Structures are given as structure tokens and as C-alpha cells.
Amino acid sequence: MVCPECGAPAKPRSCEELFQDVLALDHSRRAPWGPLHGVTVSCFLLQHPSRLPASERGRAWAILNTYVGEGLAATTRLTERARRANSHRNHDAALPDSGPGMSDPPAAFGVTIADVAQDGTFPADGFSGRVTAWAEDIITAWRGGR
């Protein structure tokens, strides 16, 4: 069995279970997981588009493109804007709402959360590189590069 949205193996752990595990690591705020929280969430949501309305996919797209194109520092600034935009008091901090074909999800991905998890524990060694490969693959897939 495989995940119907991203194609990752559904066993021994589902994408949802892996996502909950990486979120726990992200929320520890320890490197390498914490600083990549926005990128990790964006990757997961763009590979599991049923969890994110098409009208909101542009935010995740902006985070991935910023990370791949400009690096973690620029992404951190962007995710801070996203956090402020989440506030009902600050509507001027909104992120872009568009990306290529955001209403038509890709049929397949080459890198999934299972690849980033490796043995299911999201080892610190190489985590940033695996997240970068995940983000790059998602951008390629959404642009129709497959």
C-alpha cells in the first residue's frame, strides 16, 4: 500500500504518523528540525493537497520557493510574516496566494516524507539536505516537471 497523495509507502508508518513525529521535533525548536518547521509543513501540505484548499496553497509554494531560491534566512523572514498574517489584527502581512497550477496536484513525487524520515526517526545528520531535496522535488512536480 502507498499513500494515494504522495506515493510514499503506507507501512510501516503512514505519512500522517511521520508528520506528527516531525512536528514534535520541529516544536522542540532544536536544530536542525525547528528552524525548518515552515518548510517541512509546506512540503507535507503540498504533497497532501487534500489538507490544504487550493486557494491557500500559494503560501506553502512561496515558502518552498524562498527556501530553495534564497535559503533559510530568507525563509525565516517569510515564515515570520506568515505567522503575523495568521493574526486577526494584522492582515497586511499576508503571503502571496499563487503558484503554478495550484488547483491541479501532481500525480507523483520522487521524494516523500518517508525519504526524509529515513528510518522513521528523522535523524539530525543530513536532515537539512533531505528537506532541501524534498522541497526541490515538490517544486519540480508542481511545475509539471514529471
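Which residues does F44 touch, not counting residues up to four places away in sequence? Keep that one in mind while we get our bearings, and we'll come back to it shortly.

What you're looking at is a predicted model. The protein has 6 helices and 0 strands, so if you read along the sequence the pattern is simply α-α-α-α-α-α. Of its 146 residues, 42% count as buried. The accessible surface comes to about 7,600 Å², and 52% of that belongs to carbon and sulfur atoms. The chain also brings distant stretches together: among contacts between residues at least 6 apart in sequence, 64% join residues at least 24 apart.

Back to F44, then. F44 sits in helix α2, and its neighbours by contact are C15, E16, F19, R51, I113 and W134, leaving out residues up to four places away in sequence. F44 is buried, with a relative accessible area of just 1%. One of those partners, C15, is 29 residues away from F44 along the chain, yet the two C-alpha atoms are separated by 8.6 Å.

C15 is worth a pause of its own. With a relative accessibility of 7%, C15 counts as buried. You might go looking for a disulfide here, but the structure holds 0 of them. For C15, the nearest cysteine sulfur is that of C6, 3.5 Å away. A disulfide needs the two sulfurs within 2.5 Å, so this pair doesn't qualify.

Now for the middle of things. The largest nonpolar core has 37 residues, and the ones touching the most other members are V39, L64, I113, F122, F127, W134 and I138. Two or more residues each come from α1 (15-27), α2 (37-47), α3 (57-70), α5 (113-117) and α6 (127-142). The top contributor is α6, which gives 8 residues. Take I138 as a way in: leaving aside its neighbours within four places in sequence, I138 is in contact with C43, L46, Q47, L64 and F109. Of these, C43 is buried, at 0% relative accessible area.

Q47, another of I138's contacts, lies in helix α2 and is also buried, at 0% relative accessibility. What does the side chain of Q47 reach? It is the backbone oxygen of V111, at 2.6 Å. Q47 has a long list of contacts beyond four places in sequence, among them E5, C6, F109, W134 and D137. D137, for its part, lies in helix α6 and is buried, with a relative accessible area of 12%. The side chain of D137 reaches V111 too, this time at the backbone nitrogen, 3.1 Å away. So V111 has its backbone oxygen reached by Q47 and its backbone nitrogen reached by D137, with Q47 and D137 touching each other as well.

Helix α3 makes a good next stop. It has 14 residues and spans 20 Å from its first C-alpha to its last, close to the 20 Å expected at 1.5 Å a residue. Its buried residues are R57, G58, A60, W61, A62, I63, L64, T66 and Y67. What covers them includes α2, α4 (72-85) and α6. After α3 comes G71, with a positive phi near 95 degrees.

Finally, a few backbone details. Most residues other than glycine have a negative phi, and most peptide bonds are trans. Against that background, a handful of spots stand out. A cis peptide bond joins K11 and P12, with omega about 5 degrees, and P12 is in the segment before α1. The bond from A31 to P32 is cis as well, with omega near 5 degrees; P32 is in the loop between α1 and α2. That loop also holds R29, which has a positive phi near 65 degrees and is exposed, at 76% relative accessible area. F122, in the loop between α5 and α6, has a positive phi of about 50 degrees although it is not a glycine. Is F122 buried or exposed? At 1% relative accessibility, F122 counts as buried, and you have already met it among the core residues that touch the most other members.

Note on methods
Residues are numbered from 1 along each chain as its sequence is written. This is a predicted model: local features need pLDDT of at least 70, side-chain atom pairs count only at pLDDT 80 or more; totals for chains, interfaces and linings use all residues. Side-chain values use heavy atoms; hydrogens and water are left out. Helices (H or I, at least four residues) and strands (E, at least two) are DSSP runs, numbered from the N terminus. Buried means under 20% relative accessible area, exposed over 50%, partly exposed in between (1.4 Å probe, protein chains only). Contact means heavy atoms within 4.5 Å. Accessible areas come from the Shrake-Rupley method with a 1.4 Å probe; for residues, only the protein chains shown count as cover. A nonpolar core is a set of buried Ala, Val, Leu, Ile, Met, Phe, Trp, Tyr and Cys residues joined through side-chain atoms within 4.5 Å. The expected span of a helix is 1.5 Å times one less than its number of residues. A polar contact is a pair of N or O atoms within 3.5 Å; within protein, one must be able to donate a hydrogen and the other to accept it, and residues adjacent in sequence count only if both atoms are side-chain atoms.
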